[in-house]
Amino acid sequence: MPGMRMLAELRCETCGRQYYGDLPSGHGLPHPVLLDRETGEVRHGNTLKIFADYLRDSYAARVSTPVGFEEERFRPLRRPILLNCLDWVYGHALLKLLNAQYYLDRPEEFDLVLLVPRFLRWMVPEGAATVWTVDLPLSRGAEWNDWIASEIRRRLEPLGECHLSFAFSHPHPEDFRIERFTRVAPFPLGAWAERASCPTVTYIWREDRGWGPAPGRSLAARAGRGLRRLAGLPPVVNRTLDQVVAMAEHLRALLPSLDFAVAGMGRGRALPEWILDLRSARADEAIERAWCERYARSHVVIGVHGSHMLLPTGHAGAMIQMVPENAWDNRWGNLIQDVLVRGDDVREALFRYQFLPTDTMPEKVATIAASLIRFQPTVSLHFGREFTDHVALTRSWSRLPGEFAAVSG
């Protein structure tokens with residue numbers, strides 16, 4: 001386990017060649033890769049080529065560099081199971097961590113050993129038997145590090161036996177509750193209407209995900225940007241902030257008591273005074289928890305597709321997401337992967353989680369957001385289980401006097 005990958009040492013009985021093969025954990029469960037230990041060649045099913053490429057490239061550039069490795073022991077390990085949350089994508093690492101609750105809810109069966117990058121330590125829920133925190137930034141998340149492999153082996157071998165978590169890349173919503181991880185209760189859907197007097201919307205900021213036409217990827221477009229740099233000219237302005245402000249102004253016209261904020265990584269140009277600016281050039285536990293508290297107060301969060309939408313969607317009441325759809329970065333096939341869906345009825349979820357192209361105009365997004373806020377109580381009345389339960393409603397109506405008692409079914 002030289003970092004993110006969890007591999008078996010394999011030998012072909014026919015040709016005698018030796019391989020590494022992904023164990024059924026993380027992305028290795030649906031997308032296993034086979035790597036020839038002599039040539040570095042990889043074989044895979046073309047279902048997630050980038051996952052195979054990272055194995056090939058990390059093996060070719062493997063290192064043996066010590067990194068910070070902190071161990072916290074909370075109780076003895078009787079039947080340990082290891083959950084590896086290291087990854088090169090923030091969302092992948094977070095989604096793996098959400099698998100922890102399954103084991104924490106079964107303490108008689110498992111003693112959970114968590115392997116997490118430093119930036120996720122604040123979200124580790126209570127109840128793990130052991131936590132290993134590794135100082136491995138996302139930029140090195142796919143690294144093949146033989147020092148990490150030897151360190152993990154040194155700590156596991158004395159146990160005699162240790163199980164490996166499946167670490168589902170997208171754990172089922174029934175298997176976790178986000179407040180177990182962030183310690184922030186999500187938006188109470190049952191209180192939607194009473195909170196509608198102060199409609200609360202948050203735009204999720206990320207500087208490298210633009211709302212609007214993406215910058216050209218053609219040779220001519222790239223050359224043009226390079227010439228601007230050589231000439232000392234400023235880069236072409238990212239118009240996302242203009243889009244956000246325009247959308248917020250349209251939304252305030254529709255909902256005059258609007259509470260609007262922008263939260264996320266980066267700073268950029270200043271916002272109008274009436275918009276709460278929660279952007280930050282850095283993130284730590286205090287900042288991320290404050291962001292989660294803001295999401296949990298939000299009827300709707302809005303943003304462009306990406307890992308940064310996981311915590312907002314896990315805490316907010318509803319979501320509008322813009323999806324890139326140009327030739328070099330089409331994300332329509334990745335829908336839902338960056339969304340933590342809440343709710344018991346798929347019909348209600350289809351209403352509360354909206355997906356739009358990134359070229360959608362600000363006024364259209366504002367109209368949709370206002371509709372979500374205004375009509376969600378009606379949607380709950382139509383689709384909510386408590387309002388579509390034959391037995392419960394029969395009991396309720398049968399308790400009413402007079403002619404209403406006759407309407408019992």
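Contact here means heavy atoms within 4.5 Å. Keep that in mind for the close-ups below, which all come from a predicted model.

**View 1. L311 and its neighbours.** Start with L311 and look past its neighbours within four places in sequence. What is L311 in contact with? The list runs to Y90, L94, W122, M123, I178, T182, E288, C292 and Y295.

**View 2. The largest nonpolar core.** This core has 44 residues. L311 shows up again here, as one of the residues with the most contacts inside the core, along with L97, L98, L112, L114 and M123. Which elements each supply at least two residues of this core? On the helix side they are helix 2 (90-97), helix 3 (100-104), helix 9 (285-297) and helix 10 (310-315). Strand 6 (80-84) and strand 7 (111-117) each do so too.

**View 3. A second core, with an aromatic pair to pick out.** Separate from the largest core, there is a second one of 32 residues. Among them are F187, V300, M322 and I368. F187 also forms an aromatic pair with W192, and both residues are buried. Their rings are 5.4 Å apart centre to centre, with 70° between the planes, and the pair is edge-to-face.

**View 4. Y20 meets Y59.** A search of the whole structure turns up 14 aromatic pairs, and here is one to zoom in on. The ring centres of Y20 and Y59 are 6.1 Å apart and the planes sit at 70°, so this pair is edge-to-face. Y20 belongs to strand 2 (residues 18-22) and Y59 to helix 1 (residues 49-60), so the pair ties together parts that are 39 residues apart in sequence. Are these two tyrosines buried or exposed? Both Y20 and Y59 are buried. Add W144 and you have one aromatic cluster made of Y20, Y59 and W144.

**View 5. Arginines over rings.** Stay with Y59 for a moment: R62 lies over its face, 4.0 Å from the ring centre. Elsewhere, the charged end of R279 sits over the ring of W205, at 5.4 Å from its centre.

**View 6. S169 in its loop.** Where is S169? Look in the loop between strand 9 (163-164) and helix 5 (179-182). Buried means under 20% relative accessible area, and S169 is at 15%, so S169 counts as buried. Its side chain makes a polar contact with the side chain of H170 (3.2 Å). Leaving out residues up to four places away in sequence, S169 touches H27 and L95. As for S380, it lies 211 residues from S169 in sequence and 30 Å away in space, C-alpha to C-alpha.

Technical notes:
Residues are numbered from 1 along each chain as its sequence is written. This is a predicted model: local features need pLDDT of at least 70, side-chain atom pairs count only at pLDDT 80 or more; totals for chains, interfaces and linings use all residues. Side-chain values use heavy atoms; hydrogens and water are left out. Rings of Phe, Tyr and Trp (its six-membered ring) pair if their centres lie within 6.5 Å; planes under 30 degrees apart count as stacked, over 60 as edge-to-face and the rest as tilted. Helices (H or I, at least four residues) and strands (E, at least two) are DSSP runs, numbered from the N terminus. Buried means under 20% relative accessible area, exposed over 50%, partly exposed in between (1.4 Å probe, protein chains only). A charge sits over a ring if NZ of Lys or CZ of Arg is within 6 Å of the ring centre and within 35 degrees of the ring normal. A nonpolar core is a set of buried Ala, Val, Leu, Ile, Met, Phe, Trp, Tyr and Cys residues joined through side-chain atoms within 4.5 Å. A polar contact is a pair of N or O atoms within 3.5 Å; within protein, one must be able to donate a hydrogen and the other to accept it, and residues adjacent in sequence count only if both atoms are side-chain atoms.
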